[in-house]
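Reader: I'm new to this one, so could you slow down over the inside of it? I'd like a close look at how the helices pack, and then at the empty space.

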Amino acid sequence: MKRLRILLFLCLILSSIQAQDKKIWNETEQEKIERMAWWTEARFGMFLHWGLYAQAARHEWVMKREKIDKEDYHKYLEIFNPDLYDPAEWAKKAKAAGMKYAVITAKHHEGFSMFDSEYSDYDVMATPYGKDILKEWVDAFRAEGLGIGFYYSLIDWHHPEFTIDSRHPLKPQDPKKYKSLNKDRDMSLYREYLKNQVRELMMNYGKIDILWLDFSYPGQHGKGKEDWGSVELLKMVRELQPDILVNDRLDIKDYQGGWDFTTPEQFKVDKWPEENGKKVAWETCQTFSGSWGYYRDEHTWKDSKQLLVLLIESVSKGGNVLLNVGLTARGTFDYRADEALEEMGEWMKYNGRSIYGCTQAPEEFEVPNHSILTYNPETNRLYVHLLDYPMKNFLMKGFAGKIKYAQFLHDASEIKIGKKHGAWGNEAGSKEDINLLLPVNKPNVEIPVIELFFKD
Ligand code: GLC
């Protein structure tokens with residue numbers, strides 16, 4: 001018995017030592033909530049993918065997809081000159097769409113730095129453009145009051161010390177060849193380079209709100225935390241930018257402070273994502289079409305209703321949306337992105353109140369047919385998004401006695417609360433239900449929203 005107790009005691013000490021090891025920094029749950037509050041409130045951001053691949057105009061993975069070697073790829077560096085680049089205009093577009101923050105690619109997998117880097121000649125200074133794109137971008141987006149973030153690719157297909165792995169353009173057919181292919185490559189030198197570049201990003205551009213590191217694929221012929229030096233890297237980042245929010249792709253999800261939000265990519269979650277049984281902060285990143293980089297001949301563009309539903313549904317499950325624009329090599333938005341952003345902006349202008357600061361509605365509320373609910377806990381208002389406009393009567397089960405006032409959000413016009421009426425007379429569901437008396441004609445809004453005020 002005594003031995004067992006000693007053993008248990010030792011186990012406890014060991015696990016607490018381990019837990020201490022697995023810590024990037026100290027922060028309470030409450031402090032974390034406060035650090036992330038602006039982002040949780042914001043709900044909607046712009047992702048910007050821009051790099052040399054914009055010139056190929058056929059996906060940001062073109063180098064890997066077409067197995068283009070570095071020498072061939074160099075032609076893109078030699079001509080990169082976005083003469084129409086106007087970040088102030090970009091920032092205005094993001095703002096007009098209702099977005100509150102933006103994240104731009106500082107370096108993508110191709111390895112090209114969009115900023116003036118002391119550690120690389122493969123950067124924007126070596127192109128005919130010759131100016132620090134990131135610096136201009138940060139100034140313009142900050143000036144519009146938008147939160148700013150950098151995407152930085154952990155993967156690098158240009159760096160000579162980055163070892164060839166399963167995602168690399170030079171991936172061998174025969175796995176036995178990895179060893180010989182990598183014999184002159186030293187990943188520790190790349191790790192150093194990566195840290196130096198991230199330090200530059202954290203030090204040379206003022207306050208940075210978000211760092212989006214991408215991505216880990218641990219396992220055989222993959223890369224993960226040891227390869228990136230994730231723990232040291234993130235400790236440095238948090239020291240230099242204590243308020244920064246970091247995504248979860250460093251492969252240190254089991255570390256305290258190892259990530260701030262999770263990043264479901266290109267799919268809709270069925271419910272609020274959880275880790276160890278607890279709901280976590282999340283942001284889905286999505287494209288208008290299938291590609292992140294500008295892709296001239298890709299035509300699977302989502303329509304505005306799909307995009308709005310994506311946003312509303314994400315908020316209804318407690319999450320954010322980071323919607324991507326792939327910039328052209330001239331420095332412009334694709335016309336299809338412009339159209340989609342304008343349409344979203346039009347909706348957001350009148351209905352943003354059901355998005356900003358909102359979250360999943362309390363479970364006690366039954367979701368009415370063909371609708372999505374969001375809820376603002378500060379103002380205690382509930383928002384009903386009408387996906388398929390009803391025929392006059394809109395039944396809300398279980399709401400009897402709770403609602404003080406109902407209105408359309410877009411024009412603040414009253415919606416009367418009554419009983420169901422029609423040829424068959426009064427047939428509202430049970431006594432617990434209410435019926436909203438909607439106008440026959442759908443308001444001139446893609447997805448009309450009803451705002452409900454509760455009795456105190
Ligand atoms: C993936 C892709 C990358 C894209 C990113 C955005 O990791 O590799 O091309 O930038 O997702 O989330």
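Author: Let's start with a helix pair: H9 and H11 are roughly parallel to each other, a label used for angles under 35 degrees (over 145 is roughly antiparallel, 65 to 115 roughly perpendicular, and the rest oblique). Before going on, note that this is a predicted model, where local features need pLDDT of at least 70 and side-chain atom pairs count only at pLDDT 80 or more, while totals for chains, interfaces and linings use all residues. Residues are numbered from 1 along each chain as its sequence is written, and side-chain values use heavy atoms, with hydrogens and water left out.

Back to the pair. H9 covers residues 187-203 and H11 covers residues 230-240; their axes come within 10 Å and cross at roughly 15 degrees. Helices here are DSSP runs (H or I, at least four residues), as are strands (E, at least two), numbered from the N terminus. The axes are lines fitted to C-alpha atoms, for helices over the stretch in contact, and angles run from 0 to 180 degrees between N-to-C directions. H9 passes H11 in a right-handed crossing, meaning that the near helix is turned clockwise from the far one by less than a right angle (anticlockwise would be left-handed).

Who touches whom? On the H9 side, Leu194, Lys195, Val198, Arg199, Met202 and Met203 meet Glu232, Leu233, Met236, Val237 and Leu240 of H11, with contact taken as heavy atoms within 4.5 Å. By class, that makes eight nonpolar, no polar and three charged residues. Ala, Val, Leu, Ile, Met, Phe, Trp, Tyr, Cys and Pro count as nonpolar, Asp, Glu, Lys and Arg as charged, and the others, Gly among them, as polar.

Now for another pair. H6 (residues 87-96) and H7 (residues 133-143) have axes 8 Å apart and pack at about 40 degrees, so these two helices are oblique to each other. The crossing of H6 and H7 is right-handed. Pro87, Ala88, Trp90, Ala91 and Ala94 from H6 meet Glu136, Trp137, Ala140 and Phe141 from H7. That contact has eight nonpolar, no polar and one charged residues.

On to the empty space. The structure holds two cavities of 30 Å³ or more. On a 1 Å grid over the protein atoms alone, a cavity is a set of points where a 1.4 Å probe fits but cannot get out, a pocket is an open set with protein on both sides within 12 Å along at least five of seven lines, and lining residues have an atom within 4 Å of a point. Grid points are joined across faces, edges and corners, and a volume is the space filled by probe spheres set on the points.

The largest cavity has about 100 Å³ of space. It is lined by 13 residues, with Ser289, Ser291, Gly293, Trp301 and Gly326 closest to its centre. Strand E9 (residues 320-326) gives the most to this lining, with three residues. The second largest cavity comes to about 40 Å³, and helix H12 (residues 304-316) gives the most to its lining, again with three residues. Among the residues around the second largest cavity are Phe267, Trp282, Leu310 and Glu313.

Finally, the largest pocket has a volume of about 1,100 Å³. Of its 37 lining residues, Glu29, Lys32, Ile33, Lys279 and Ala281 lie nearest its centre. H2 gives the most to this lining, with eleven residues.
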